[in-house]
Amino acid sequence: MIFINHCFVFVMIVMILPQRSLTKFSSVKIGVVFSKADWNSTAVKALDEAVEMINKRDDILPHRRLLYSPIFSDDNTFKLTKAVCSGIEAGFRAVIGPSAHLASLHVQSICDGLDIPHLDTKASPLERKSKFSIALHPSYAHSNKALLDYAVNANWSSVAILYQENVAAVIHLQDLLTSAGIEILSRQVLTPNFRPILTDIKRHNAFNMLLDIEPGLLPSFFKECRERGVLAEGAKFMMMSMDYDIHKLLQS
């Protein structure tokens, strides 16, 4: 439940605000922007549970309640800007999200201009310096360096990278791995059919894999790996994103 962590980071922001800005409030209200991809996900329920968890404790926001107003954003940044500005006018103390890159830039710009804390939930290729924004993902440069260190320490001589989006991040990672003398097999996943990709992996003996694909595709991917004998070859996998629920993957 990624939004539970988001809320706790937000609470830390609230706690370091000048006390005089909080004493006149019996509740602390935040705005949470959900991108279109999150509308039918578990994110809304997770946020409900996180807020309830925080409000049950007396040591986080004593004598105050944490409230949130959801903003469901589509691709219309004008409507999003209007909704966020209206929410801030109505008393948002901070804004969380959205996960869509372009929309997140708009929200961060608004929060910067109005001195409102913003929690950036979108992984970004760049470190965006902002006085009022906290990025909850490391930049691709940092996460790619961690992946490189892992591959080198694990003595991987070749790596297969499977990805769907984040092309710039993958190119950067390829450069790092190549400079370390590691052979690269890079394939973009465009359909749920993994057979051609796994055929290439077996042909190149690239059984060390870095995965950056949609979590919903992983059960069918691992099933295909098992059926095509990739697991029997001792394949090893490393997730490139921190948003995977490993417990659910193990149950799939």
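Biologist: Which residues does Met 209 touch, not counting residues up to four places away in sequence?

Modeller: This is a predicted model, in which local features need pLDDT of at least 70 and side-chain atom pairs count only at pLDDT 80 or more, while totals for chains, interfaces and linings use all residues. Residues are numbered from 1 along each chain as its sequence is written, and side-chain values use heavy atoms, with hydrogens and water left out. Contact means heavy atoms within 4.5 Å. On that basis, the residues touched by Met 209 are Trp 156, Ala 160, Ile 201, Phe 221, Val 230, Ala 235, Lys 236, Phe 237 and Met 238.

Biologist: Is Phe 221 buried or exposed?

Modeller: Buried means under 20% relative accessible area, exposed over 50%, and partly exposed in between (1.4 Å probe, protein chains only). Phe 221 has 0% relative accessibility, so it counts as buried.

Biologist: What is the geometry of the pair formed by the rings of Phe 221 and Phe 237?

Modeller: Rings of Phe, Tyr and Trp (its six-membered ring) pair if their centres lie within 6.5 Å; planes under 30 degrees apart count as stacked, over 60 as edge-to-face and the rest as tilted. Here the centres are 6.0 Å apart and the planes stand at 85 degrees, so the pair of Phe 221 and Phe 237 is edge-to-face.

Biologist: Which residues form one aromatic cluster with Phe 221 and Phe 237?

Modeller: The search of the whole structure finds 6 aromatic pairs. The cluster that holds Phe 221 and Phe 237 is completed by Phe 194 and Phe 222.
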